[in-house]
Amino acid sequence: MRRALLVLLVAAVIGRSEVVYKVRLSAGEGGAVVELPQERYVAAVLAGEVGSFRNEEALKAMAVAARTYAAYFRSRHRIEGYDFCSTTHCQRAILKDAGGRFKKAAEATRGQLLWFHSKPAFAVYTQDCGGKSEAAHAVWPAAQAPYLAVHTDPYCRTNSRAAWTWEIAAPTLSNALTQAGMRVPARLRQVTIVKRTPSGRALTLSLAGDGESSLISASSFRFAVGRTLGWRTVHSDQYTVESSNGKIRFQGRGRGNGVGLCQDGADEMAAEGKTYRQILSFYYPGASVSVLANDVKWTSVRSPHALIFATRKTTAAQAARLTDEEMSALQSRYGLTAPANLKIYVYPDMESYRNGTGEPGWVAAHTLGTRIETPPLTILQQHGGFRPVIRHELLHAIVESAAHPGLPLWFREGLVENLSGDHVHFAPDAKSQKRIERSIGNREDAARTRNAYAAAERHVARLRARYGVAELLRWVREGLPDEIARSSTSSKPANSK
Ligand SMILES: [Zn+2]
Ligand SMILES: [Zn+2]
C-alpha cells in the first residue's frame, strides 16, 4: 500500500487523521470544551461509564458500543458548539482517567463500530437490565433497531445489585413531582401501573388522590424523581408498586432503561470466558462489528476501463465518465492502459469511507492493487475535484500493477507524482497546513514526508528530462537499470511512505 503526499494534501482539507470530537468536560474537570481524538474519547467514556468492569473483554465490548454511540449521536450539542457533554446525557467521560486499561481497550478495538444497514447502529447500553432487556421502540418509538428486542439475560441475573427497593411518603413524592413540573392530584395516595411495555416494565402510571387521577409515563416519572430526589431511588422501570398507609413502595430489578448492552451482564459474560464479539452479538444480535461498513449496498456501472461502484447509479455513471476522460488522457499522453480488473468504489459518505477503507480521513483516496476507493464525489468536488484524485490513483494502480519486483518505492511514488502533472499539486493554506501537521503528529515528520515526496518527484523529473517518459515506463516493467539504481541510492528519500 502507498500513500502519496499529494493525496495527503488534498485529504488534509477533507478530514483529519482520525475522527475528532469536541467534548465538554465535566465541571469536575474544569468544564472546558476540548478536542479529543476518537480513541481518547472512547477511553474517557470507559473510565466514566464502566470503570468498575473487572474483565478486559467486557471493556472492549463497551469500547465498541461507546464508539458506535458517538458515531450515531455525533454533533448532538452542535448548537452549543461541541459534540458531546461528559454527563450521562451523552456518555459519562472522565478524561483524567483515560489511560491504562481503558486506553488499551480502546486501542484494541480501534475504529470498530457496530453496523446495521450500512449505518452505525443505535448502540445504547444500560447499567443492568435486571435479567430481561427492553425493546428499543418501547423507550424510543421512532428507533429503527430490530437488534434491540426483548430478550432474557441469564448473565446479569445472578448479580445481587439487580434487586432494589425504594419507599417514600406520599406527600414527599407529591412535592417532588410537582417541583419537577408534573401534574399531581391533591393529596396523592396511590400510584398504580396501568400499562406495561413488552418486557413487562412500567409504561404508564396512574396517580390517584383527591379529584381526578392523572396518567404519566413511567420514564418521565423516573426522571422527575431522579432529578428532585436523587438517582438512587427508582433505578429502572422494572418494578411493582404498592401504596398503603401513606407510603408508596417500589420493588424492582435492574438499573437504567434496560435497552442494549447490559453492563453487568457483559462483565459477567467476559468473566465466563466470552469474547467481546460474542458479548456484542448477544446484546446487539444482527448488527455486525467491523471497521468497515460491510453492508454498504453497492451498485455498479461498467466503463471501458473499470467497473465503478457507488450506492447510486447516477453517481457511478458520473464517476465512470470522469474516470474514462482521465484514463483516455493518460492513454493518449503516455500510452498507458488501465490494468485489467480495475474496480473503483465511490463511498456515499465520509463515515463509511473512513470505516470502509480503514483509512484515516486525511487520505483522499486509497489504492490497493487494482481496487481504488474514494470519498464521495460531492466532498471531492468541494476540494479540487474528483479528476485530480482519480488521475493520481489511476497512475498508482497502473504503476503498481505493472511494477517489476523490487522497483524502489521512491521511483514509483516519484513517477506517479510527476506524471499526474503540476495542476494537482496545490499549496495548502495556513489552516490546512496546521491540520496536516496535526494529522501526522508532529512538524518534523510532516516536513520530512513532504520533503521525501518532493525529492522523489524532482529526481524522477531529472530522469524524465534525460531519458524520456517511454524509457521510464519501460523501467517500471523491467526494473531500474543498474546505473540508475546505484546512482540513486544517495538521493533516495529516507522516508517515502
Ligand atoms: Zn449531552
Ligand atoms: Zn442484563
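User: What is the order of the strands in the open sheet that contains β7, and is the pairing parallel or antiparallel?

Analyst: In this predicted model, the three strands stand in the order β7-β12-β11, and they pair antiparallel.

User: What makes β7 and β11 edge strands?

Analyst: Both β7 (163-169) and β11 (239-244) pair on one side only, which is what an edge strand does. Neighbouring strands of the sheet are turned by 15° against each other on average, direction ignored.

User: How do you know that β11 and β12 pair?

Analyst: The cut-off is at least two bridges. β11 and β12 (residues 247-253) have six, in the antiparallel sense, so the pair qualifies. One example is S243, whose bridge partner in β12 is I248.

User: Helix α6 packs on this sheet; what is its direction relative to that of β7?

Analyst: Helix α6 (residues 170-179) touches β7 and β12, and its direction makes about 90° with that of β7. The range for roughly perpendicular is 65 to 115 degrees, so that word applies to α6 and β7.

User: What pairing does the open sheet with β2, β1 and β3 have?

Analyst: The pairing is mixed, and the strand order is β2-β1-β3. Its edge strands are β2 (33-37) and β3 (84-85), each pairing on one side only. Strand β1 (residues 20-24) joins β2 over five bridges in the antiparallel sense, against a required two. Within that pair, K22 has E35 of β2 as its bridge partner.

User: How does α2 run relative to β2?

Analyst: α2 lies across β1 and β2 and runs at about 110° to β2. That is still inside the 65 to 115 range, so the arrangement of α2 and β2 is roughly perpendicular.

User: What word fits the angle between α2 and α3?

Analyst: The axes of α2 (residues 38-50) and α3 (residues 56-73) come within 9 Å and cross at roughly 120°. This angle is over 115 and not over 145, so α2 and α3 count as oblique. The crossing of α2 past α3 is right-handed.

User: Which residues make that contact?

Analyst: From α2 come Q38, Y41, V42, V45, L46, E49 and V50; from α3 come L59, M62, A63, A66, R67 and A70. By class they are 10 nonpolar, one polar and two charged. Glu and Arg count as charged, so E49 and R67 are the charged pair in the tally.

User: Why are α13 and α14 called oblique?

Analyst: Their axes cross at roughly 140° and come within 9 Å, where α13 is residues 386-402 and α14 is residues 409-420. Roughly antiparallel needs an angle over 145, and α13 and α14 are therefore oblique. α13 passes α14 in a right-handed crossing.

User: What is the make-up of the contact of α13 with α14?

Analyst: R391, H392, L395, H396 and V399 of α13 meet R412, L415, V416, L419 and S420 of α14. The classes are five nonpolar, three polar and two charged. His is not on the charged list, so H392 and H396 fall among the polar residues.

User: Why does the word oblique apply to α8 and α9?

Analyst: α8 (residues 263-271) and α9 (residues 276-283) pack at about 140°, with axes 10 Å apart. The angle of 140° does not exceed 145, so the helices are oblique to each other. α8 passes α9 in a right-handed crossing. A266, M269 and A270 in α8 meet Q278, I279, F282 and Y283 in α9: six nonpolar, one polar and no charged.

User: What makes β8 and β9 a pair?

Analyst: Seven bridges join β8 (residues 186-196) to β9 (residues 202-210), running antiparallel, and two would be enough. One bridge puts R196 with A202 of β9. The two strands form a hairpin with five residues between them, and G200 in the turn has a positive phi of about 95°.

User: What joins β9 to β10?

Analyst: Four bridges do, and β9 and β10 (residues 214-217) run antiparallel. L207 stands opposite S214 in β10. That hairpin has three residues between the strands, and G211 takes a positive phi near 75°.

User: Where is the pLDDT of the model below 50?

Analyst: The chain averages 84, with 84% of the residues scoring at least 70. Residues 422-446 are below 50, although that stretch has 29 contacts beyond near neighbours in sequence. Residues 489-497 also stay under 50, with 21 contacts beyond four places in sequence. Where pLDDT is low, the coordinates should not be read in detail.

Note on methods: Residues are numbered from 1 along each chain as its sequence is written. Chains are lettered from A and ligands numbered from 1 in the order in which they are written. This is a predicted model: local features need pLDDT of at least 70, side-chain atom pairs count only at pLDDT 80 or more; totals for chains, interfaces and linings use all residues. Axes are lines fitted to C-alpha atoms, for helices over the stretch in contact, and angles run from 0 to 180 degrees between N-to-C directions. A crossing is left-handed if the near helix is turned anticlockwise from the far one by less than a right angle, and right-handed if clockwise. Two residues are in contact if their C-beta atoms, placed from the backbone, lie within 7 Å. pLDDT is the predictor's confidence in each residue, from 0 to 100. Angles under 35 degrees count as roughly parallel, over 145 as roughly antiparallel, 65 to 115 as roughly perpendicular and the rest as oblique.
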